[in-house]
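Here is a short report on pockets. It covers their volumes, their linings and the elements that supply them.

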Amino acid sequence: MTFYFDFISPYAWLAWQRVPELARRYDRPLKPVPILLAALLNHHGTRGPAEIPAKRSWVIRDIAYHAAREGLSLQLPPAHPFNPLLALRVASLPMEEERRFQLIDALFKGVWCTGTGITDPAVIASIADSLGLNGAELITQASTPEAKDRVRLQSEAALALGIFGVPTVQIDNEIFWGFDSLAHVEDKLSGRISISPELLKQWEHLPAGAVRPGAGGH
């Protein structure tokens, strides 16, 4: 069970509150994989929700409702969109998985619960220090070519799987996109529902009956 995410996504933050518990309940090992949402959007020629004015306005109301329902404290970051690369690189560094989970959790909180944001290296280092990690050393490691390549390669591997957004959960060879799809994730894990492969194959070959002029995913 793999969880693809970017700290920039509030829906990934919401999903992170549930996914580890689902993995534990159904005895599935969980691998969180930081990827760059902007790389997915660029590849597929689409825009993020915050880049569409009407959708940007709607998203924060939707997130606020979800957060209230989940009992989560929501505070907005200093700016959005923002550059999440350093945080993604830090979260991708080699470390014990328990530490990685703690760090991912703390970085998500830094964006969506405390309002401090996670673009400042000093803030990221401080968050890591609070967990007993060496924040300054992590920042140094995250600035190496190897660390930069790691996130790039993780993002490219996600694209190769057909992933187009975050959060995305992969179970076996099936992907589930979006916070709302977590109900389907549980259906898959529990075995309550199975989808017809024939139906999926039929959709892949279904011809388009109309095409919008200039349609490019925007």
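Helices here are DSSP runs of H or I with at least four residues, strands are runs of E with at least two, and both are numbered from the N terminus. The model is predicted.

Three helices each supply at least two residues of the lining of the largest pocket: α1 (10–16), α3 (37–44) and α4 (53–70). Of these, α4 gives the most, with seven residues. The space in this pocket comes to about 1,100 Å³. Its lining counts 43 residues. Nearest the centre lie Tyr11, Leu37, Gly48, Pro49 and Ala50. By class, the lining of the largest pocket splits into 24 nonpolar, 12 polar and seven charged residues.

The second largest pocket holds about 370 Å³ of space. It has 13 lining residues. Glu174, Ile175, Phe176, His184 and Ile195 lie nearest its centre. One strand and one helix, β4 (174–177) and α10 (182–190), each supply at least two residues of this lining. The largest share, four residues, comes from β4.

The table sets out the lining of each pocket by class.

| Pocket | Nonpolar | Polar | Charged |
|---|---|---|---|
| Largest pocket | 24 residues | 12 residues | seven residues |
| Second largest pocket | six residues | four residues | three residues |

Which element gives the most to the lining of the largest pocket? That is α4, with seven residues. For the second largest pocket, β4 holds the largest share, at four residues.

Terms used. Residues numbered from 1 in each chain as written. Predicted model: local features only at pLDDT ≥ 70, side-chain atom pairs only at ≥ 80, totals over all residues. Heavy atoms only, no water. 1 Å grid on protein atoms, 1.4 Å probe; cavity = no way out; pocket = protein on both sides within 12 Å on 5 of 7 lines; lining within 4 Å. Points joined across faces, edges and corners; volume = space filled by probe spheres on them. Nonpolar A, V, L, I, M, F, W, Y, C, P; charged D, E, K, R; others polar.
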